[in-house]
Amino acid sequence: MQRRAALLIVDVQLDFCPGGALPVPDGDLVVQPLNRYVELFNQRSAPIFASRDWHPERSKHFREQGGIWPTHCVQGTPGADFHPGLKFPEGTIVISKGMSNWDNGYSALQGVTENGTPFGMLLRRMELDRLCVGGLATDYCVKESVLDALKEGFAVTVLTDAIRGVEVQPGDSERALTEMLAAGAGQATFPSVRSALQAEGEARPPARTG
Ligand code: VGL
């Protein structure tokens, strides 16, 4: 059976980029490769989702409330904005997560659309069964999103040319990738994703018009 793929861009927000509150080393370097993926998916009318950390000020995720992270991505603050270099086309669906005081919000599959629809439910409703995932950070939100998506029965491809890790411990990103692959994710870079999408498009009957 043919799979219908969508792009998921995880948490490319200013607080996770150099100069932000919880900078991922070279986090901004995912922007350009992600824009290529955005263009590719958009050209093929494949859906594009962008998740964001969207925390309340008093999240238990933050050090001040007993968590492990500096305060970051607080709802409505500039640090929570998507990186301005991302070229999201019209129709990009934003998935917000970590919105309650007690929710770490690592996984986009725990997130909701602006109407409150759970992301997994939306994917099923749209008959999407593969997620191609890039963004920040490899060792936290990318990893948890990928593992959760696999648990929910979706196929997942990790876009290894469009991810970066926090690396609290050196090697965390590599270990995270190993864990994702062991759980059943695939990995790919731009040329192979482009070929796969092309094949998918050719195998699917043309959309009915009129
Ligand atoms: C993230 C650490 C803390 C992430 C979020 O987006 O990967 N990392 N909160």
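How do the residues of the shell around the ligand divide into nonpolar, polar and charged? They divide into eight nonpolar, two polar and two charged. This report starts from that shell and then moves outward. The model is predicted.

## The shell around the ligand

Twelve names make up the surroundings of the ligand. From the early part of the chain come Asp11, Phe16 and Leu22. Asp53, His61, Trp69 and His72 also surround the ligand. So do Tyr106, Leu136, Ala137, Tyr140 and Cys141.

Where does the ligand sit among the cavities? The space taken by the ligand is the largest cavity.

## Polar pairs with the ligand

Three residues pair with oxygen atoms of the ligand. An N or O atom in the side chain of Asp11 is 2.9 Å from a ligand oxygen. A polar backbone atom of Ala137 is 2.9 Å from an oxygen atom of the ligand. For Cys141, a polar backbone atom is again 2.9 Å from a ligand oxygen. The ligand on its own has 250 Å² of accessible area, and the protein covers 100% of that area.

## Asp11 and Lys97

Asp11 belongs to the loop between strand 1 (5-10) and helix 1 (31-43). Is Asp11 buried or exposed? Asp11 counts as buried, because its relative accessibility is 0%, and the cut-off for buried is under 20%. The backbone of Asp11 has a positive phi of about 55°, although Asp11 is not a glycine.

Which side chain makes a polar contact with the side chain of Asp11? The side chain of Lys97 does, at 2.7 Å. Lys97 is placed in strand 3, residues 93-97. Lys97 has a relative accessibility of 1%, so Lys97 counts as buried. The side chain of Asp11 therefore appears in two settings: it has an N or O atom 2.9 Å from a ligand oxygen, and it makes a polar contact with Lys97, a residue that is buried by its 1% relative accessibility.

## Leu136 and Ala137

What kind of peptide bond joins Leu136 and Ala137? The bond is cis, with omega at about -15°. Ala137 is in the loop between strand 4 (130-136) and helix 3 (138-151). Leu136 and Ala137 are both among the residues that surround the ligand.

## Ser45, a positive phi

Ser45 is in the loop between helix 1 and strand 2 (48-53). Phi of Ser45 is near 55°, a positive value in a residue other than glycine. Is Ser45 buried or exposed? Ser45 is exposed, because its relative accessible area is 62%, and exposed means over 50%.

## Two valines and their distances

Val156 is in strand 5, which covers residues 155-164. With a relative accessible area of 1%, Val156 is buried. How far apart in space are Val156 and Gln187? Their C-alpha atoms are 8.3 Å apart, with their positions 31 residues apart in sequence numbering.

Val74 lies in the loop between strand 2 and strand 3. Val74 has a relative accessible area of 11%, so Val74 is buried. Val74 and Asp148 are 74 residues apart in sequence. In space they are 24 Å apart, C-alpha to C-alpha.

Key:
Residues are numbered from 1 along each chain as its sequence is written. This is a predicted model: local features need pLDDT of at least 70, side-chain atom pairs count only at pLDDT 80 or more; totals for chains, interfaces and linings use all residues. Side-chain values use heavy atoms; hydrogens and water are left out. A residue is near a molecule or strand if one of its heavy atoms lies within 4 Å of it. A polar contact is a pair of N or O atoms within 3.5 Å; within protein, one must be able to donate a hydrogen and the other to accept it, and residues adjacent in sequence count only if both atoms are side-chain atoms. Accessible areas come from the Shrake-Rupley method with a 1.4 Å probe; for residues, only the protein chains shown count as cover. On a 1 Å grid over the protein atoms alone, a cavity is a set of points where a 1.4 Å probe fits but cannot get out, and a pocket is an open set with protein on both sides within 12 Å along at least five of seven lines; lining residues have an atom within 4 Å of a point. A molecule sits in a cavity or pocket if more than half of its atoms lie within 2 Å of its grid points. Ala, Val, Leu, Ile, Met, Phe, Trp, Tyr, Cys and Pro count as nonpolar, Asp, Glu, Lys and Arg as charged, and the others, Gly among them, as polar. Helices (H or I, at least four residues) and strands (E, at least two) are DSSP runs, numbered from the N terminus. Buried means under 20% relative accessible area, exposed over 50%, partly exposed in between (1.4 Å probe, protein chains only).
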